[in-house]
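Subject: Structure handover, with notes

Dear colleague,

Please find below the structure that I promised to pass on to you. My notes on what was found in it follow underneath, and I would be glad if you read them with the structure open beside you.

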Amino acid sequence: MAIRAPYRPVRGIAAVIALLAIGAVGCSDVSDAVDSAKDGAKKVARQRSVFSLGIGDCYNPNGKVEGEAFAVEIVPCGEAHAGQVVGEFNIDGEKTYPGDDAVAAIADERCPVEAGKFAQDTWALPKGVDLYYYTPTKESWATGDRAVSCTYTNESGKFTGSLQADAKSLKPEQTTYLKGANAVYDALWANQPDADSVEEDLDGYKTQAKAVAAALDTHLEGLQDIEGTEIGKLREQLKKTAEHWKKAASATDVDAFYLAYDPAFTGLDPNKTVAARKELGLATTVPADDAEVWAA
């Protein structure tokens, strides 16, 4: 889901505030009008161009979450807000605009990684928060815009506080677990082939399987140093899951791939990690989107 930014001025925007003319009205009406004017003035004063967004900034879109945007309202994270910038990077190595789909594909791959550095436990995110991003368009690219801002945003509501607050208090074993687990799911979704079936792109699905297997091996290495009964059970289960992914990666035909893929994918069911997460003191409610995927 891309929030397009066709133009990103260097700093801020110009705005005009129309002052209210107060005539023969009651005190209550005057008070309401003044309060409304103050709120409007404060919102205008907080306007910033999307180009100036920085990691950690909390903000409210001026319109719909998706679509083209020139500016947003920056607010203190202690106030209710719809989004927070959780990562940023520049698109390098492209002399000409690579196209909307290519830019979106780059953001799809990079933003989960950048967001994971900021708010590692995605299970602890407020309900309704999802990953969005501001990206260059063909018009802004021509002005030198290469920046992608990754955000966690609630499309239909707001939340209070910084999403990084919990990350600062994570224990080493929690960080190790989350880093490994996030990398596994990032490998799964970042390498998801466009083809709807294995028959259409066996090599693409084998590439995905290889990436997931490698991420699982790394995750298992991290889990070796974490003590706990449930962690031990999860470690053994993931070892078997990794073997299934390796078999899928080396499948010689479609039938062999399917035989390995079914237990491989099932082995990544996030519900199977709940007990280990509880033992580590992490969030234990499976995100609705993930629950739906594995329920199917």
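Helix 2 bends by about 30 degrees at Arg110, and a proline, Pro112, follows within four residues. Please bear in mind throughout that this is a predicted model, so that every value below is computed from it.

To stay with helix 2 for a moment, this element runs over residues 100-118, and its 19 residues reach 26 Å from the first C-alpha to the last, which is close to the 27 Å expected at 1.5 Å a residue. Its buried residues are Val103, Ala104, Ala107, Cys111, Glu114, Ala115, Gly116 and Phe118. As general background, residues three or four places apart in an α-helix point the same way, because there are 3.6 residues a turn.

Helix 2 also matters for reading the largest pocket, which has a volume of about 1,500 Å³. Of the 41 residues that line this pocket, Asp130, Leu131, Trp189, Asp289 and Asp290 are the closest to its centre. At least two lining residues each come from helix 2, strand 7 (129-136), helix 4 and helix 9 (288-295), and the largest share, 9 residues, is that of helix 2. Sorted by class, the lining of the largest pocket comprises 25 nonpolar, 7 polar and 9 charged residues.

In the loop between helix 2 and strand 7 you will find Leu125. Because its relative accessibility is 18%, and the cut-off for buried is under 20%, Leu125 counts as buried. Leu125 and Phe159 are 34 residues apart in sequence, while their C-alpha atoms lie 9.8 Å apart in space.

Turning to enclosed space, the structure holds 1 cavity of 30 Å³ or more, and the volume of the largest cavity is about 80 Å³. Its lining is made up of Tyr177, Ala181, Val184, Tyr185, Leu216, His219, Leu234, Leu238, Gly267, Leu268 and Thr273. Two or more of these residues are given by each of helix 4 (172-190), helix 5 (202-223) and helix 6 (229-249), with helix 4 giving the most, 4 residues. In terms of class, the lining of the largest cavity has 8 nonpolar and 3 polar residues, and no charged ones.

The largest nonpolar core has 35 residues, and those with the most contacts inside it are Tyr177, Val212, Leu216, Trp245, Phe257 and Leu268. Helix 4, helix 5, helix 6, helix 7 (254-266) and helix 8 (274-280) each supply at least two residues of this core, and the largest share, 9 residues, comes from helix 5. In soluble globular proteins, nonpolar side chains tend to be buried together. Tyr177, Leu216 and Leu268, listed here for their contacts in the core, also appear in the lining of the largest cavity.

Finally, Thr252 sits in the loop between helix 6 and helix 7. Because its relative accessibility is 72%, and exposed means over 50%, Thr252 counts as exposed. Thr252 and Asp203 are separated by 49 residues in sequence and by 9.9 Å in space, taken from C-alpha to C-alpha.

With best wishes

Note on methods: Residues numbered from 1 in each chain as written. Predicted model: local features only at pLDDT ≥ 70, side-chain atom pairs only at ≥ 80, totals over all residues. Heavy atoms only, no water. 1 Å grid on protein atoms, 1.4 Å probe; cavity = no way out; pocket = protein on both sides within 12 Å on 5 of 7 lines; lining within 4 Å. Points joined across faces, edges and corners; volume = space filled by probe spheres on them. Nonpolar A, V, L, I, M, F, W, Y, C, P; charged D, E, K, R; others polar. Expected span 1.5 Å × (residues − 1). Bend = angle between axes of the 7 residues up to and from the residue. Buried < 20%, exposed > 50% of the residue type's maximum accessible area, 1.4 Å probe, protein only. Core = buried A, V, L, I, M, F, W, Y, C linked by side-chain atoms within 4.5 Å.
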